[in-house]
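Biologist: I've got a fresh model to look through, and I'd like to talk it over question by question. Can we put it up on the screen?

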Amino acid sequence: VHKSKLAEEEVSTMRQALSEARDTITRITRDSEHQSCKSQDWMKNKSDEVAKLQSRVRELDRLVNSLRNEKRSLVEANDLLQSTNQQLKSTVGSNKIEQERYQQLQVQCTQQEGFIQQLESRLAKHGLSKSEQVHGDTHVTPRVSHVLATC
């Protein structure tokens with residue numbers, strides 16, 4: 001009887017230990033499943049973040065390529081502007097030379113006009129009429145030749 005009571009207590013203790021073990025296993029399983037769900041959620045969130053970052057990287061790559069193309073276009077435009085500027089400087093230089101030639105010709109013309117006026121004045125002093133002066137342009141008379149020789 002005593003042995004059977006001990007055996008019952010032992011069985012009861014074992015049943016209680018077994019029940020606690022089952023409860024512990026259930027709790028651990030539940031916690032593990034909960035942690036697994038949390039891990040899956042965390043992984044999904046991280047995966048979403050990675051996808052967003054990859055999308056942003058692709059967008060930035062496109063922007064960088066666009067900026068490189070823009071830079072290339074600007075460099076080409078700058079080269080063209082520098083070439084045009086050089087041509088303009090050359091043209092300005094040529095224009096200055098032409099302007100100086102024009103001014104020299106104007107001075108020469110002014111000097112020749114003054115000389116012509118002096119000749120007309122001297123011819124008039126020697127009594128030549130306007131008609132003789134005009135004819136003198138195309139046909140020099142001996143009298144005009146004499147006046148011109150004395151000038």
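Biologist: Is Arg-101 buried, partly exposed or exposed?
Modeller: Keep in mind that this is a predicted model. Arg-101 has a relative accessibility of 46%. Buried would need under 20% and exposed over 50%, so a value in between has its own name. That makes Arg-101 partly exposed.

Biologist: Which residue does Arg-101 meet in a salt bridge?
Modeller: Side chains of opposite charge can pair when their charged atoms come close. Here the N to O distance is 2.7 Å, and the cut-off for a salt bridge is within 4 Å. The two residues both lie in helix H1, three residues apart, about one turn of the helix. The partner is itself partly exposed at 44%, and its name is Glu-98.

Biologist: What is the N to O distance in the salt bridge of Arg-56 and Glu-59?
Modeller: Both residues sit in helix H1, three residues apart, so about one turn of the helix lies between Arg-56 and Glu-59. Arg-56 is partly exposed at 42%, and Glu-59 is partly exposed too, at 40%. Their side chains meet with an N to O distance of 2.9 Å.

Biologist: Why are Asp-48 and Lys-44 separated by about one helical turn?
Modeller: Their side chains meet in a salt bridge, at 3.3 Å from N to O. Asp-48 counts as partly exposed, with 33% relative accessibility. As for the spacing, Asp-48 and Lys-44 are about one helical turn apart because both belong to helix H1 and the gap in sequence is four residues.

Biologist: How many salt bridges does a search of the whole structure find?
Modeller: We've just gone through some of them, including Arg-101 with Glu-98 and Arg-56 with Glu-59. Asp-48 with Lys-44 is another one of the pairs. Searching the whole structure gives a total of four.

Biologist: How many disulfides does the search find?
Modeller: A disulfide is a covalent bond between the sulfur atoms of two cysteines. Among the cysteines here, Cys-37 is partly exposed at 43%, and Cys-109 is partly exposed at 42%. To count, a pair of sulfur atoms must be within 2.5 Å. Over the whole structure, the number of disulfides is zero.

Biologist: Which residues make the nonpolar surface patch of about 260 Å²?
Modeller: Let's start from Leu-63, which is placed in helix H1. Leu-63 has a relative accessible area of 46%, so it counts as partly exposed, and a patch residue needs over 30%. The patch is made by Leu-60, Leu-63 and Leu-67.

Biologist: What percentage of the protein chain's residues count as buried?
Modeller: The fold pattern along the sequence is α-α-α, with three helices and zero strands. The accessible surface of the chain is about 13600 Å², and carbon and sulfur atoms hold 55% of that. Of the 151 residues, the share that counts as buried is 4%.

Biologist: Where in the protein chain is confidence lowest?
Modeller: The chain averages a pLDDT of 85, and 83% of the residues score at least 70. Helix H1, residues 2–125, has the highest confidence, with a mean of 91. Where pLDDT is low, the predicted coordinates should not be read in detail. The lowest mean is 50, and it belongs to residues 130–138, helix H2.

Conventions: Residues are numbered from 1 along each chain as its sequence is written. This is a predicted model: local features need pLDDT of at least 70, side-chain atom pairs count only at pLDDT 80 or more; totals for chains, interfaces and linings use all residues. Side-chain values use heavy atoms; hydrogens and water are left out. Buried means under 20% relative accessible area, exposed over 50%, partly exposed in between (1.4 Å probe, protein chains only). Accessible areas come from the Shrake-Rupley method with a 1.4 Å probe; for residues, only the protein chains shown count as cover. Patches are made of residues with over 30% relative accessible area and no salt bridge: like charges are joined within 9 Å, nonpolar side chains (Val, Leu, Ile, Met, Phe, Trp, Tyr) within 5 Å. pLDDT is the predictor's confidence in each residue, from 0 to 100.
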